[in-house]
Amino acid sequence: MQVVNSVLDLIGRTPMVKVNHLDTGPCNLYLKLENMNPGGSIKDRIGMSMIEEAEKAGHIKPGDTLVEGTAGNTGIGLALVAAQKGYKLILVIPDKMSKEKIFNLKAMGAEIVLTRSDVAKGHPQYYQDLAASIAEETPGAYFINQFANPNNPKAHYLTTAPEIFEQLNNEVDAIVFGVGSSGTVTGLSQYVTEHHPDTELILADPVGSILAQYINEGVLSEDSGSWKVEGIGEDFLPSISDFSHVTKAYAISDQRSFAAGRELLCKEGILGGSSTGTLIQAALNYCQEATEPKNVVVFVCDTGNKYLSKMYNDYWMMDNGYIETPQHGDLRDLISRPYQSNDTIVMRPNETLGTVYQRMKLYDVSQMPVMKGDEIVGIIDESDVLLKVFENANAFADTVESAMTSNLEFLSVKTPLDQLMPIFDEGKVAIVKENNQFLGLITRIDLLNYLRRVDVNQ
């Protein structure tokens, strides 16, 4: 309960909590809560280390411009420190990152450059390569370069690893971690090799990354896949990486990662990010395979607050095929927001167009059914509202009934899929009924999501 002089004094010294409600086999599993850092992740440690060591070396001074390529959390750690110390910060971020991370970084004053996430290292639009180019072209800029910066692993050697062993009275049999820039594994490897050589290091890696195969088979593949888990997994070996003490790796799918993260919140009350789910699943696999009791530590790498629109959003999970839903073999399989389960966002005829606008913004939808009781009596979309209010802003007070489309055409659940396209070509949505009961709407994106799920499962 002490008072500190700066938010930077809150970085590190994160708590440890024992898992009580997950199946950990014969092992005790402990969570190192890096989500409790002020920036919400383990990357706060390296953000402070890399900036302060650059200051000590005379490379930077307050007022200078810092540049880095990041999956988000290193950027937040850097932004936290940069704001306190008076630096301008430019961050290059792959476009698969959660919008919460981007909003967070912009709110902290960082300049954001979004780039492609579908290209590999060596491509000019790869986030690290683009960051290096921006640093080179910006007068007086300093490239942080977390993937080759020795002060990245130094932070974990000096703080993260000693904390773990101190908290468990040096009784640590294994530590489960993930690799992004490889600072964590390198710092841990150096520390345990010197001080606790019997402690195993276990890698949790997303399916698609090349690292699990490298650890388990000694093969460094040049063919990486893609994954939606953020912040860990690589398509190359960072120059600072030291895997010498890593004994085993688990490749965890996106679906299992997200499920494990959600289960951690549900059963242990810990809100972790997507990479935390990967680590938790790998740790559970390791613990369940154990034949004797062990003390195992796993990182909660960052807070799940940054992923509420993704892994903690049931609709996003369903749209991406990560939550299984009953399959009927008809148009019901395409309805992402069924009316009968109260998932459909609806309007009532006597509500205002101002309410329509607010609800569309809140739920990120462009059209809604208009319901009178349980009967659909109309559809209202962005165009309907715009036509009413374009020349008369006071029309936001008009009723939904005055602007909605009431001439509706319905489809039965047995309607062939190819009959959706003419409806979409007319700028309409498909309204599905069965036995005179409204089931839901099908939009273009619903059809795209369905086709994508079919493609992935084939």
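Among contacts in the protein chain between residues at least 6 apart in sequence, what percentage join residues at least 24 apart? The figure is 67%. Keep that in mind as you click through this predicted model.

**Whole chain**

Start with everything selected. The protein chain has 458 residues, and 52% of them are buried. Colour by secondary structure next. You should find 14 helices and 15 strands. Now show C-alpha atoms alone and align the view to the principal axes. They fill a box of roughly 75 × 55 × 50 Å.

**The largest nonpolar core**

Select Leu31, Ile175, Phe177 and Phe299. These four belong to the largest nonpolar core, which counts 63 residues, and they touch the most other members. Add helix H9, residues 274-289. H9 gives the most to this core, with 7 residues. As background, nonpolar side chains tend to be buried together in soluble globular proteins.

Centre on Phe177. Which residues does Phe177 touch, not counting those up to four places away in sequence? Work through the set in order. Thr184, Val185 and Leu188 are among them. So is the run Leu201, Ile202, Leu203 and Ala204. Val246, Leu279 and Phe299 complete the list. Phe299 thus turns up twice on this stop: Phe177 touches it, and it is one of the four residues with the most contacts to other core members.

Now leave this core. Another one lies apart from it, with 26 residues. Select Leu66, Val81, Tyr87 and Leu91 to find it; they are among its members.

**Thr65**

Go to strand E3, residues 65-69, and pick Thr65. Is Thr65 buried or exposed? Its relative accessibility is 11%, under the 20% cut-off, so Thr65 counts as buried. Show its surroundings, leaving aside neighbours within four places in sequence. Thr65 is in contact with Lys88 and Ile90, and also with Gly140, Ala141 and Tyr142.

**Helices H11 and H12**

For the last stop, select residues 353-363 for H11 and 382-389 for H12. A packed pair is described by the angle between the axes and the distance between them. Here the angle is about 140°, and the axes are 11 Å apart. H11 and H12 are therefore oblique to each other. The crossing, as H11 passes H12, is left-handed.

Show side chains at the contact. H11 supplies Leu353, Val356 and Met360. H12 supplies Glu382, Val385, Lys388 and Val389. Colour these by class: the contact has 5 nonpolar residues, 2 charged and no polar ones.

Key: Residues are numbered from 1 along each chain as its sequence is written. This is a predicted model: local features need pLDDT of at least 70, side-chain atom pairs count only at pLDDT 80 or more; totals for chains, interfaces and linings use all residues. Side-chain values use heavy atoms; hydrogens and water are left out. Axes are lines fitted to C-alpha atoms, for helices over the stretch in contact, and angles run from 0 to 180 degrees between N-to-C directions. Helices (H or I, at least four residues) and strands (E, at least two) are DSSP runs, numbered from the N terminus. Angles under 35 degrees count as roughly parallel, over 145 as roughly antiparallel, 65 to 115 as roughly perpendicular and the rest as oblique. A crossing is left-handed if the near helix is turned anticlockwise from the far one by less than a right angle, and right-handed if clockwise. Contact means heavy atoms within 4.5 Å. Ala, Val, Leu, Ile, Met, Phe, Trp, Tyr, Cys and Pro count as nonpolar, Asp, Glu, Lys and Arg as charged, and the others, Gly among them, as polar. A nonpolar core is a set of buried Ala, Val, Leu, Ile, Met, Phe, Trp, Tyr and Cys residues joined through side-chain atoms within 4.5 Å. Buried means under 20% relative accessible area, exposed over 50%, partly exposed in between (1.4 Å probe, protein chains only).
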